[in-house]
Amino acid sequence: MSTAAQQKSVYEQIGGEPAMAAAVEVFYRKVLSDERISHFFEDVDMERQASKQKAFLTMVTGGPSSYSGKDMRAGHAHLVKRGLNDVHFDAVVEHLRATLEELGVAAPLVAQVLAIAGGARADVLNR
């Protein structure tokens, strides 16, 4: 890997804002069609949710940070009360992987994004 590539954030290597916007759109299409997890989004303003997700993913992949939402624990506590567990978390990660692969993101970058996502498991599941 060149020095320039090493200095670029995952966000930049993936393709920046346009790629993140496309990823969030594809991701939620997958999530909302998955019977394992779609019920968690029944009463959610999906345009607002997608905007928050895009800002969050931008932040955690090293892009310009505009995320001002709740932390993962606070943001998901109400879902944990509704039964959110490892099966659901795994389904979300599965869709994130499929989305990134579908958009042609290189395997090492997919692995980095999934490692970041996996690092949030304890907070998302309120452990």
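**α6 and α7.** I started with how α6 goes past α7, and the crossing is right-handed. This is a predicted model, so everything in these notes is computed from it. Next I looked up the angle: the axes of α6 and α7 cross at roughly 160 degrees and come within 10 Å. Angles over 145 degrees count as roughly antiparallel, so α6 gets that label relative to α7.

Which residues make this contact? From α6 I listed F89, V93, L96, R97, L100 and E101, and they meet V110, V113, L114, A117 and G118 of α7. Sorted by class, the residues of this contact come out as eight nonpolar, one polar and two charged.

**α3 and α6.** I stayed with α6 and turned to α3. A reminder to myself: two packed helices are described by the angle between their axes and by the distance between the axes. For α3 and α6 the angle is about 135 degrees, and the axes are 9 Å apart. That angle makes α3 oblique to α6. The crossing here is right-handed.

On the α3 side I wrote down A23, V26, F27, K30 and V31. On the α6 side the contact uses V92, H95, L96, A98, T99 and E102. The class count for α3 with α6 is seven nonpolar, two polar and two charged residues. I noticed L96 in this list, and L96 is also in the α6 list for the contact with α7.

**α3 and α4.** Then I checked α3 against α4. Their axes cross at roughly 130 degrees and come within 10 Å, so α3 and α4 are oblique to each other. This crossing is right-handed too.

What does α3 bring to the contact? I found E17, M20, A21, V24, F27, Y28 and L32. The partners in α4 are M46, Q49, A50, Q53, K54, L57 and T58. By class I got nine nonpolar, three polar and two charged residues for the contact of α3 with α4. F27 caught my eye: it sits in this contact and in the one between α3 and α6.

**The cavity.** How many cavities of 30 Å³ or more does the structure hold? I found one, with about 50 Å³ of space in it. The lining is I14, M20, A23, L57, T61, L96, L100 and V113. Two elements, α3 (16–32) and α6 (86–102), give two or more residues to that lining. Seven of the lining residues are nonpolar and one is polar, with no charged residues.

I compared names with my earlier lists. M20 and L57 line the cavity and also belong to the contact of α3 with α4. L96, L100 and V113 line the cavity and take part where α6 meets α7. A23 is a lining residue that also touches α6 from α3.

**The pocket.** Last, I looked up the largest pocket, which holds about 1,000 Å³ of space. Its lining has 42 residues, and nearest its centre lie Y28, Q49, Q53, H76 and L79. The elements giving two or more residues are α3, α4 (46–60), α5 (72–81), α6, α7 (107–118) and α8 (121–124). Which element gives the largest share of the lining? α4 does, with seven residues.

By class, I noted 23 nonpolar, ten polar and nine charged residues in the pocket lining. One more link for my notes: Y28, Q49 and Q53, among the residues nearest the pocket centre, are also part of the contact between α3 and α4.

How values were computed:
Residues are numbered from 1 along each chain as its sequence is written. This is a predicted model: local features need pLDDT of at least 70, side-chain atom pairs count only at pLDDT 80 or more; totals for chains, interfaces and linings use all residues. Side-chain values use heavy atoms; hydrogens and water are left out. On a 1 Å grid over the protein atoms alone, a cavity is a set of points where a 1.4 Å probe fits but cannot get out, and a pocket is an open set with protein on both sides within 12 Å along at least five of seven lines; lining residues have an atom within 4 Å of a point. Grid points are joined across faces, edges and corners, and a volume is the space filled by probe spheres set on the points. Helices (H or I, at least four residues) and strands (E, at least two) are DSSP runs, numbered from the N terminus. Ala, Val, Leu, Ile, Met, Phe, Trp, Tyr, Cys and Pro count as nonpolar, Asp, Glu, Lys and Arg as charged, and the others, Gly among them, as polar. Axes are lines fitted to C-alpha atoms, for helices over the stretch in contact, and angles run from 0 to 180 degrees between N-to-C directions. Angles under 35 degrees count as roughly parallel, over 145 as roughly antiparallel, 65 to 115 as roughly perpendicular and the rest as oblique. A crossing is left-handed if the near helix is turned anticlockwise from the far one by less than a right angle, and right-handed if clockwise. Contact means heavy atoms within 4.5 Å.
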